[in-house]
Amino acid sequence: MIHTIDALVVGAGGAGLYAALELSKRGVPVAVLSKMYPTRSHTGTAQGGICAALGNLEEDHWEWHMFDTIKGGDYLVDQDAAEILAREAITTIYELEHMGLPFNRTPDGRLDQRFFGGHTRPDPQDPAKRIPVHRACYAADRTGHMILQTLYQQCIKHAVNFYNEFHVLDLIVKDGVCAGVVAVEVRTGELHRFHAKAVLFATGGFGKIFSVTSNAHSLTGDGVAIAYRRGVPMMDMEFFQFHPTGIYQKGILLSEAARSEGAYLVNGKGERFMERYAPQLKELAPRDMISRSIVQEIRAGRGGDGKDYVFLDVRHLGKAVIDAKLPDIMDFVRVYMSRDPLTDLIPIEPTAHYAMGGIPTDNDARVILDSQRTPLHGFYAAGECACVSVHGANRLGTNSLVDILVFGRRAGIDMARYCADRDGVGWTELPAHPEDDTRGAITRIVNGQGGENAGNIRKQMQTEMTQKCGVFRGKDDLRSARDTISELKERYDRLSIQDKSKGFNTDLLEAMELGWLLDIAETTVLGALAREESRGGHAREDFPKRDDAHWLKHTLAYHTEDGVVLQYKPVTITTYEPQERKY
Amino acid sequence: MVLHARHLKIKRFNPEKDTKPWWGEYDVEVQPTDRVLDALHEVKWHHDGSLTLRRSCAHGICGSDAMRINGHNALACKVLVKEYKGTITIEPLLGFKVLKDLIVDMDPFFAKYRSVMPYFVNDEAPPERERLQLPEQRDRFDDTTKCILCAACTTSCPVFWSDTEYVGPAAIVQAHRFIFDSRDQGKEQRLEILNEKSGVWKCRTIFNCTEACPRGIEVTRAIGEVKQELLLRRF
Ligand SMILES: Cc1cc2nc3c(=O)[nH]c(=O)nc-3n(C[C@H](O)[C@H](O)[C@H](O)COP(=O)(O)OP(=O)(O)OC[C@H]3O[C@@H](n4cnc5c(N)ncnc54)[C@H](O)[C@@H]3O)c2cc1C
Ligand code: FES
């Protein structure tokens, strides 16, 4: 079936929905395509909060938020983008409140704010020192759930057109201009062609390259890999965030909000070990530092019960705080660990959480192809799948929700402008048979006789990535991971699946997703192997120092006939010269 | 890692091949602390790739994988294998058309959701900063903001099974969230909708919905509060 719609939004998480709202408010015909019902999107699982320098509890300024973001990202952040993030965070929060989002409140009815890792203000006693600031707005520990629900509700109110359970499989590009997408209607198996003036990818992250992850099964990097196969580079893939407090072995997230409310991290000897690694911020240091500290404690034999975990301790917070501010995550502890957080210590380990890298864009979410910022006209990316870059080498807690909304909105606004501009030019013609590549790929998998099982390949990839491309990386491990991934890619070509039916063929769609994950694992490992320094989320055991002279630059990984090619792109520095990063 | 053999009995149906549903039986090796969802994935990834279900977050937040497990509605990702003795029997939700295996047609569910104006209404120009709301006003509707639209409540309701006109508990929960929000102005219209034949008066206070809710929402109580509000309006 063929559809013609001015603006297409692929993905119905926070980024996609905000863009769709802006488009529909501006009267642009828009459709949202999502492989799941919108309310299933991973934005709904975000727990802790969304930062904005409202200053509701104490003095705060967007400049401080901007500085924290840049320092948190170990100076790989593009500072012009960080400025936009910090400024527009404030208007975004008020807009959300005006849309009815039920934020927690102060006793006098204003928006309450809590601490979050790496968000600071100067210490009034000693301005050279920085202390935590109340900057994160929140709705208990279901902030993302309330954001997703609120935006979806507003989309219903504004009659946004949804194509639910439409899985996008390809991007249509003609003569350097984006002209639409190819999608399969999951229910029937029918391929649809969507002809558009502007396309936004807001397809979320790709934590499923790892075995221990906080990410949903659906986070398979579709948008990033689809664009990559059409010539768009993947940017800064070696920077993946490992969140310190994942439920041991399951990876389910226990939000930083627990530590914001005062929870401790303790090792097997009962010590609050963060006092040694980050004397000023302790448990509220940025995530990359805490995850490394945890691994170091475990390696030094100070893991909990002599094992490979440490503990989150919330016992002293008391029932009232836990019930009012952390109900969901404490429920996770009860359900998935059969422990009572009021009386038991909680075993945790770092969990693969957030992709700093993704599709390179400018500050209006327009996709760019190289260090000269050559645009791919009509193609946009926003949210976790995009790399603006506001997070640099390490994202601060709460800054993703800000990112997806601020840049989702900017995407919608610029797409509306672009669609209007195209009115003069006319629609880009489609290539002759835009579905052919997709149909071919599907037929290959459905008819595959090689006998390889997708489940086995996926499991091996995930284990390899967690073991060899995790919190700490070294040359030998990365080389071995590179070889494993290329062997898995060969095996992937000999895949066989069991489900041959058309409707709801999730066997087939999971196999497609696995193909994308393998591309992403490959660029992640190659980027990590090339980058011989340690910065933010990328910690090389053999190169433990940051090396600004050689590596203050973004990585761009290209898909070519000769394999992956790496290029680099300068970092935009407007205000803050790189300094040593201490907390 | 200790693995245990467990027996799963799963109701299967593929309209492209089957004229009626049948039971698939599988023996899988799982850890007792695994989720039922993990056991289903074990079947799908290593026994029979054609087993079809919806899932995403795997920790009870996205609402994708509500199903009947040993006769009770639950999210497969929020119950552990060790909670069940013997065979674990898994079926799709009741009350909606089965499209394939554990997947039911959710469109009618979302249509009912949309029918209650599930969005914030306030046409006054907003202030520059936030609208004020005291913590106790915010608490008034806290419980119903937790809903993840998984349909476990609606599809456990005997009234809904016998009368699909009924808007169902989930939609009422969504309406409740706005009716009791001090900032919202759409209350009268929503109450009007729920006062209709298909609305709250169909509820027979059976409490299945409350029992089924994986988010612990007091669904029956929320429905009761809406009824109360309607009764108050009569005076
Ligand atoms: C457990 C957890 C807690 C978190 N807590 C916080 C927090 O407190 N604060 C914070 O700032 N950040 C937090 N984050 C991070 C943040 O939630 C995410 O980065 C963010 O929500 C991503 O939003 P998104 O709109 O980019 O994508 P998502 O919400 O992931 O949505 C992706 C969308 O794309 C669609 N899609 C994907 N592929 C396709 C395809 N091929 N075809 C069609 N549709 C497709 C999906 O259906 C979905 O609708 C948390 C993350 C996790 C995992
Ligand atoms: S998979 Fe999200 S609720 Fe179970």
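**Notebook: two chains and a ligand**

I started with K78(B), which counts as buried because its relative accessibility is 12% and the cut-off for buried is under 20%. I should jot down right away that this is a predicted model.

**Entry 1: the K78(B) pair**

What does the side chain of K78(B) meet in a salt bridge? I found D331(A), with N to O at 2.7 Å. K78(B) sits in the loop between β4 (72-75) and β5 (88-91) of chain B, while D331(A) is in helix α10 (residues 327-337) of chain A, so the pair joins two chains. Is D331(A) buried or partly exposed? I wrote down partly exposed, because its relative accessible area is 24% and anything between 20% and 50% falls in that class.

**Entry 2: more salt bridges**

Next I went to D499(A), which forms a salt bridge with K100(B), the closest N and O atoms being 2.7 Å apart. This pair also crosses between chains, running from the loop between α14 and α15 of chain A to strand β6 of chain B. Both D499(A) and K100(B) are buried.

Then I picked a pair inside chain B: D48(B) and R12(B) form a salt bridge, with 3.1 Å between the closest N and O atoms. D48(B) lies in the loop between α1 and β3 (66-69), and R12(B) in strand β1 (residues 4-12), so the pair ties together parts of chain B that are 36 residues apart in sequence. I marked both D48(B) and R12(B) as buried.

I also traced a network in chain A, where salt bridges that share partners join a set of residues including D74(A), R292(A), R535(A) and R581(A). Over all chains, I have 82 salt bridges in my notes.

**Entry 3: where chain B touches chain A**

How many residues does each chain bring to the contact? Chain B gives 68 residues and chain A gives 63 residues. About 5600 Å² is buried between the two chains, and carbon and sulfur atoms give 47% of that. I looked for the top three on the chain B side: W45(B), H59(B) and E130(B) supply 11% of the area chain B buries against chain A, more than any other three residues.

For salt bridges between chain B and chain A, my count is nine. One bridge I looked up between these chains is R183(B) with E97(A), at 2.8 Å from N to O. Polar contacts across the interface come to 51 residue pairs, both residues being at pLDDT 80 or more.

Which elements give two or more residues to the chain B side? I listed α1 (36-46), β6 (98-100), α2 (107-115), α3 (135-139) and α5 (169-179) of chain B. The largest share, five residues, comes from α1(B). By class, I noted 29 nonpolar, 16 polar and 23 charged residues on this side.

**Entry 4: ligand 1**

I counted 39 residues around ligand 1, and the closest are S41(A), T43(A), E384(A), S400(A) and L401(A). A polar side-chain atom of T43(A) is 2.5 Å from an oxygen atom of the ligand. I found backbone atoms here too: a backbone N or O atom of A15(A) lies 3.0 Å from an oxygen atom of ligand 1, and a polar backbone atom of T398(A) is 3.0 Å from a ligand oxygen atom.

**Entry 5: backbone oddities**

Reminder to myself: most residues other than glycine have a negative phi, and most peptide bonds are trans.

I found E165(A) with a positive phi of about 55°, in the loop between β9 (161-164) and β10 (166-174) of chain A. E165(A) is buried at a relative accessible area of 9%. F504(A) also has a positive phi, near 45°, and lies in the loop between α14 (475-492) and α15 (506-530). Its relative accessible area is 3%, so I put F504(A) down as buried.

The peptide bond from V388(A) to S389(A) is cis, with omega near 10°. I placed S389(A) in the loop between β22 (386-387) and α11 (399-425) of chain A.

**Entry 6: S34(A) and P286(A)**

S34(A) is in strand β3 (residues 30-34) of chain A and counts as buried at 5%. A polar side-chain atom of S34(A) lies 2.6 Å from the backbone oxygen of M36(A). Beyond its neighbours within four places in sequence, S34(A) is in contact with residues including E165(A), which I met in the last entry, and Y163(A).

Last stop: P286(A), in the loop between α7 (274-277) and α8 (287-299) of chain A. P286(A) is buried at 1%. Its C-alpha atom is 8.2 Å from that of N394(A), 108 residues apart along the chain. Among the residues P286(A) touches are N394(A), L396(A) and R581(A).

Conventions. Residues are numbered from 1 along each chain as its sequence is written. Chains are lettered from A and ligands numbered from 1 in the order in which they are written. This is a predicted model: local features need pLDDT of at least 70, side-chain atom pairs count only at pLDDT 80 or more; totals for chains, interfaces and linings use all residues. Side-chain values use heavy atoms; hydrogens and water are left out. Contact means heavy atoms within 4.5 Å. Buried area is the accessible area (1.4 Å probe) that two parts lose on being put together, summed over both. A salt bridge is a side-chain nitrogen of Lys or Arg within 4 Å of a carboxyl oxygen of Asp or Glu. A polar contact is a pair of N or O atoms within 3.5 Å; within protein, one must be able to donate a hydrogen and the other to accept it, and residues adjacent in sequence count only if both atoms are side-chain atoms. Helices (H or I, at least four residues) and strands (E, at least two) are DSSP runs, numbered from the N terminus. Ala, Val, Leu, Ile, Met, Phe, Trp, Tyr, Cys and Pro count as nonpolar, Asp, Glu, Lys and Arg as charged, and the others, Gly among them, as polar. Buried means under 20% relative accessible area, exposed over 50%, partly exposed in between (1.4 Å probe, protein chains only). A residue is near a molecule or strand if one of its heavy atoms lies within 4 Å of it.
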